[in-house]
Amino acid sequence: MTYDLASQPFGNTIGTDDIVDALEFLDDWEARYAYIIDLGKQVPAMPEALRTEARLVRGCQSQVWLETRHDPATGRLWLGIDSDALIVKGLAAIVLAAYNGKSPAEVLAFDIDALFARLDLMRHLSMTRGNGLRAMVQRIKDTARACA
Amino acid sequence: MSAPDIGALRAQFPLLARTLAGDKPLVYLDNAATTQKPLAVIEAVDDYYRQYNSNVHRGAHQLADHATQVMEAARTSVQRFINAREDAEVIFTRGTTESINLVACSWARTFLKAGDEIIVSALEHHANLVPWQMACQATGAKLRVIPMNDAGELDLDGYRALLGERTRLVACTHVSNALGTVNPVRDIIAAAKSAGALVLIDGAQAVSHLPVDVQALGCDFYVFSGHKLFAPTGTGVLWGRRELLDAMPPWHGGGEMIETVSYETSTYNKLPYKFEAGTPHIAGNIGLGAAIDWFTAQDRAALAAHEDALLAELTARATAIPGLKPVGTARHKVSVFSFLMDGAHPHDVGTLLDQQGVAVRTGHHCTMPLMQRLGVPGTVRASLSVYNTRDDIDRFIAALEKVRKFL
């Protein structure tokens, strides 16, 4: 099974504006979380063989795996994210929408905290050891810095 | 024993009256992580800072006398609460973790040698496991683990088989934080004593649910945290038998713990101050005394019966939900209902419960070896305290039903 990061929807057909529009339209928590879970289901599963210790970002409550591929020809940074928890995977889809296929400079310039704050999801990003998301964002930025 | 007025008791906990986002009433079922605080505790801490804030044991003024007197009265409250022989055997610490580390650093590193053995149980919190691993690494001692069955009950025959002349210490939890199992600590202690070993009991999850009498138990050390017992965070207790504490070297050096100091050497203060270097958490310790005084003034037998009835009802109703699987089904349990939902990650369940105002804990509960033994990545844990009600359980069950439709 190939793990094609360039053709997955997030960062390609689904951008952060689409997600902001949808979430700001949904006003009760049930619809919002159903939407976030649905986003997660659209993120391609990371093949088992790639779920290695090196790609693992360990959280206290859930885990995240991150694959980063920098294409020197186009300068783009391609990302693959998976999680054992559905809601975390949905939140990861939002991170992908922001970062996937961007240049390292664009990744470093993007204010992910502002996005999550606007979506009223900051709580999930600021948990330092709970779900691994914060550490994952840090790892993406470190990779972007190394490629820039 | 009459039915306790839980409504009146709840009214003493201001936080329980608050609502969460979306005006949802709070259903607080994370008591094994920390309990809420009654007014008696909040006001005791407030009063200290407003009326007599000062350092203890040294000031030549009225405020210092007052602070010293109230903090030492808190020590006496602890002594009575666990029926220690004398209050000098009660050491104030930052919590259970620090209490265990104190024994692991002072006692274990002084008295253990290569080949000695420490026994812990399969149910231990990392706080009653990692300090002993570290002590073993430093001394060459070995760690042995009491096995358990799939229900989460310790295997006492397996335990007796581990005991031997090399056993120096048995460090075991009174109540499992992850599963709620109440361990037969009397039997565990008696068997260890027959083998000539010392026993440390981790009472972090026990003291707010079960009466504790350290002399009747016959253990050598008993440790617990204040914050799981209605007291401020950053407070805790190490109780130890005087003969042992006297023989142990100090752990931290500094002020308060010394008698005389020269550049060449120092002599150490008497118990309990030998183990309380630096300015203590005066406000916290005063709050701990207030918490214990508040708790012991309640009809504890009636509150325990109330909690047991709630746990039985919660367990029965939650277990009836299709696809819900309890984790830990020991015959003797308090407070805790740990579970998994078919195909759902615990973190997802916890997040969706939180959206409905229900506060639970999810994850490995700082018991990773236990989770591995049970073959689960973690659990969702609901844990009760004296102020929970049938209404809390109704809301919890309704919230779980909704989660089930989601995932």
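Helix axes here are lines fitted to C-alpha atoms over the stretch in contact, and the angle between two of them runs from 0 to 180 degrees between N-to-C directions. The model shown in these views is predicted.

**View 1. Helices α12 and α14 of chain B cross at roughly 125°.** Here we zoom in on α12(B), residues 346-354, and α14(B), residues 390-406, whose axes come within 9 Å. Angles from 65 to 115 degrees would count as roughly perpendicular and those over 145 as roughly antiparallel, so α12(B) and α14(B) end up oblique to each other. Their crossing is right-handed. On the α12(B) side, look for V349(B), L352(B) and L353(B); α14(B) brings F396(B), A399(B), L400(B), V403(B) and F406(B). Sort the residues of this contact by class and you get eight nonpolar, with no polar and no charged ones.

**View 2. Chain B meets chain A over a buried area of about 1,500 Å².** Carbon and sulfur atoms give 63% of that area. Chain B puts 15 residues into the contact and chain A puts in 17. If you want three residues to pick out on the chain B side, go for H345(B), H347(B) and F406(B): together they supply 35% of what chain B buries against chain A, more than any other three residues. F406(B) also turns up in View 1, as part of the contact between α12(B) and α14(B).

**View 3. K402(B) reaches E30(A) in a salt bridge.** The two side chains sit 3.1 Å apart, N to O. The count of salt bridges between chain B and chain A is one.

**View 4. Helices α3 and α7 of chain A cross at roughly 25°.** This pair is α3(A), residues 86-99, and α7(A), residues 133-147, with axes that come within 11 Å. Angles under 35 degrees count as roughly parallel, so that label fits α3(A) and α7(A). The crossing is right-handed. V88(A), L91(A), A92(A), V95(A) and Y99(A) of α3(A) make the contact with L133(A), M136(A), V137(A), I140(A) and K141(A) of α7(A). That works out as nine nonpolar residues, no polar and one charged.

**View 5. Two backbone oddities lie in loops of chain B.** Most residues other than glycine have a negative phi, and most peptide bonds are trans. L271(B) and P272(B), though, are joined by a cis peptide bond, with omega about 0°. You'll find P272(B) in the loop between β12 (266-268) and α10 (282-296). N83(B) is not a glycine, yet has a positive phi of about 55°. Look for N83(B) in the loop between α3 (62-81) and β4 (90-93) of chain B.

Note on methods. Residues are numbered from 1 along each chain as its sequence is written. Chains are lettered from A and ligands numbered from 1 in the order in which they are written. This is a predicted model: local features need pLDDT of at least 70, side-chain atom pairs count only at pLDDT 80 or more; totals for chains, interfaces and linings use all residues. Side-chain values use heavy atoms; hydrogens and water are left out. Helices (H or I, at least four residues) and strands (E, at least two) are DSSP runs, numbered from the N terminus. A crossing is left-handed if the near helix is turned anticlockwise from the far one by less than a right angle, and right-handed if clockwise. Contact means heavy atoms within 4.5 Å. Ala, Val, Leu, Ile, Met, Phe, Trp, Tyr, Cys and Pro count as nonpolar, Asp, Glu, Lys and Arg as charged, and the others, Gly among them, as polar. Buried area is the accessible area (1.4 Å probe) that two parts lose on being put together, summed over both. A salt bridge is a side-chain nitrogen of Lys or Arg within 4 Å of a carboxyl oxygen of Asp or Glu.
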